[in-house]
Amino acid sequence: MNILITGGSRGIGEACVREFCARGDRVAFLYRAQSEAAERLARETGAMAIQCDVSDSDAVTDAVAKAATFLGSIDVLVNNAGISQIKLFGDLTDRDWQKMIGTNLTGAFYVTRAVSKRMIAQQSGRIVNIGSMWGKTGASCEVHYSAAKAGLRGMTMALAKELGPSHITVNCVEPGVIDTEMNATLDEDTRRELCNATPLCRIGRAEEVAAAVCFLASDAASFITGQILGVDGGFAI
Ligand code: NDP
């Protein structure tokens, strides 16, 4: 299969790049800033790294064209690129809000719009969005993040209906607390609290999210669409 992953240079996206490549798939991935990490990952896995800010519509059009040239076709899209920010709601600036929605929701819209045209033409495809359990439950001091991730839930369900007749599935994976740089600033007390609130009593690994993404992209998931799959150790039950 030919796979396009956004935000592939680190964390969950990197784990997806590594897992798909290990399964023998051909992978292209987008990243925003970490050129060194992206190029290293590309060398190690044979994947193609493409610098592209997903919140820039024109850049996305160019990047998807580059990826399609490298891959030949795009069978699977993983919308993973995302940012987080912890801030009181009343302190959020216009820029904070626009950057969060622009990256986590509008970015997925731009990439999916470009890729879905190709999938409709080939009458097949898989789209996996990476949401967050906070899009289901809401997180205090992360209102813009929660809103963007809740938006991805709606996008997943609506697109599943619209693209189903073209044999394209659309699903969403909602991770819980996962050990990546996104959570690097959490202090020990907060990490302990989060573990205590998780029925499986621990933080998850990026590879555990990648495994769920690979399942939804596989033949085993051919009749699954419009679904939201929590990979959160039971946190959001
Ligand atoms: P990381 O911060 O480790 O990595 C984020 C990735 O997204 C990087 O590859 C980064 O690229 C890329 N990225 C960020 N902004 C842009 C942009 N504008 N354009 C293109 N690429 C961009 O995050 P995680 O791996 O932890 O998170 C991955 C996804 O999983 C996100 O959507 C996040 O919201 C979601 N998630 C994570 C959870 C967690 O606990 N870690 C929990 C729930 C959901 P670069 O480094 O090159 O800038």
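**Ligand site, cavity and pockets**

Student: What makes up the lining of the largest cavity, by class?

Tutor: By class, this lining has 6 nonpolar, 6 polar and 1 charged residues, and the model in which these residues are found is a predicted one. Gly is counted among the polar residues here, and Tyr among the nonpolar ones.

Student: Why is this space called a cavity?

Tutor: The word is used because a 1.4 Å probe fits at its points but cannot get out, whereas a pocket is an open set of points. The structure holds 1 cavity of 30 Å³ or more, and about 70 Å³ of space lies in the largest cavity. The value of about 70 Å³ therefore belongs to a space that the probe cannot leave.

Student: Which residues lie nearest the centre of the largest cavity, and which helix gives the largest share of its lining?

Tutor: Thr6, Asn79, Ala81, Thr103 and Ala108 lie nearest the centre, out of 13 lining residues. Helix H4 (94-122) and H6 each supply at least two residues of this lining, and the largest share, 5 residues, comes from H4.

Student: How do you know that Arg10 has a polar contact with the ligand?

Tutor: A polar side-chain atom of Arg10 lies 2.7 Å from an oxygen atom of the ligand, and the cut-off for such a pair is 3.5 Å, so the pair counts as a polar contact. The same reasoning applies to Thr180, where a polar side-chain atom is 2.5 Å from a ligand oxygen, and to Gly176, where a polar backbone atom is 3.3 Å from a ligand oxygen. Of the 900 Å² of accessible area that the ligand has on its own, the protein covers 97%.

Student: What else is found in the shell around the ligand?

Tutor: There are 31 residues around the ligand, of which Ser9, Arg10, Tyr145, Thr180 and Asn183 come nearest. The shell divides into 13 nonpolar, 13 polar and 5 charged residues, and helix H1 (11-22) and helix H6 (143-163) each supply at least two of its residues.

Student: What makes it right to say that the ligand sits in the largest pocket?

Tutor: The ligand is assigned to the largest pocket, which means that more than half of its atoms lie within 2 Å of the grid points of that pocket. About 1000 Å³ of space lies in the largest pocket, and Gly82, Ile83, Ser84, Thr180 and Met182 are nearest its centre among the 44 residues of the lining. H1 gives the most to this lining, with 3 residues, while strand S2 (26-31) and helix H7 (188-196) are among the elements that supply at least two residues each. By class, the lining divides into 20 nonpolar, 17 polar and 7 charged residues.

Student: Where does the second largest pocket have its centre, in terms of the closest residues?

Tutor: The second largest pocket has a volume of about 150 Å³, and Gly204, Glu208, Val231, Asp232 and Gly233 are the closest to its centre among the 13 residues that line it. Its lining divides into 6 nonpolar, 4 polar and 3 charged residues.

Note on methods. Residues are numbered from 1 along each chain as its sequence is written. This is a predicted model: local features need pLDDT of at least 70, side-chain atom pairs count only at pLDDT 80 or more; totals for chains, interfaces and linings use all residues. Side-chain values use heavy atoms; hydrogens and water are left out. A residue is near a molecule or strand if one of its heavy atoms lies within 4 Å of it. A polar contact is a pair of N or O atoms within 3.5 Å; within protein, one must be able to donate a hydrogen and the other to accept it, and residues adjacent in sequence count only if both atoms are side-chain atoms. Accessible areas come from the Shrake-Rupley method with a 1.4 Å probe; for residues, only the protein chains shown count as cover. On a 1 Å grid over the protein atoms alone, a cavity is a set of points where a 1.4 Å probe fits but cannot get out, and a pocket is an open set with protein on both sides within 12 Å along at least five of seven lines; lining residues have an atom within 4 Å of a point. Helices (H or I, at least four residues) and strands (E, at least two) are DSSP runs, numbered from the N terminus. Grid points are joined across faces, edges and corners, and a volume is the space filled by probe spheres set on the points.
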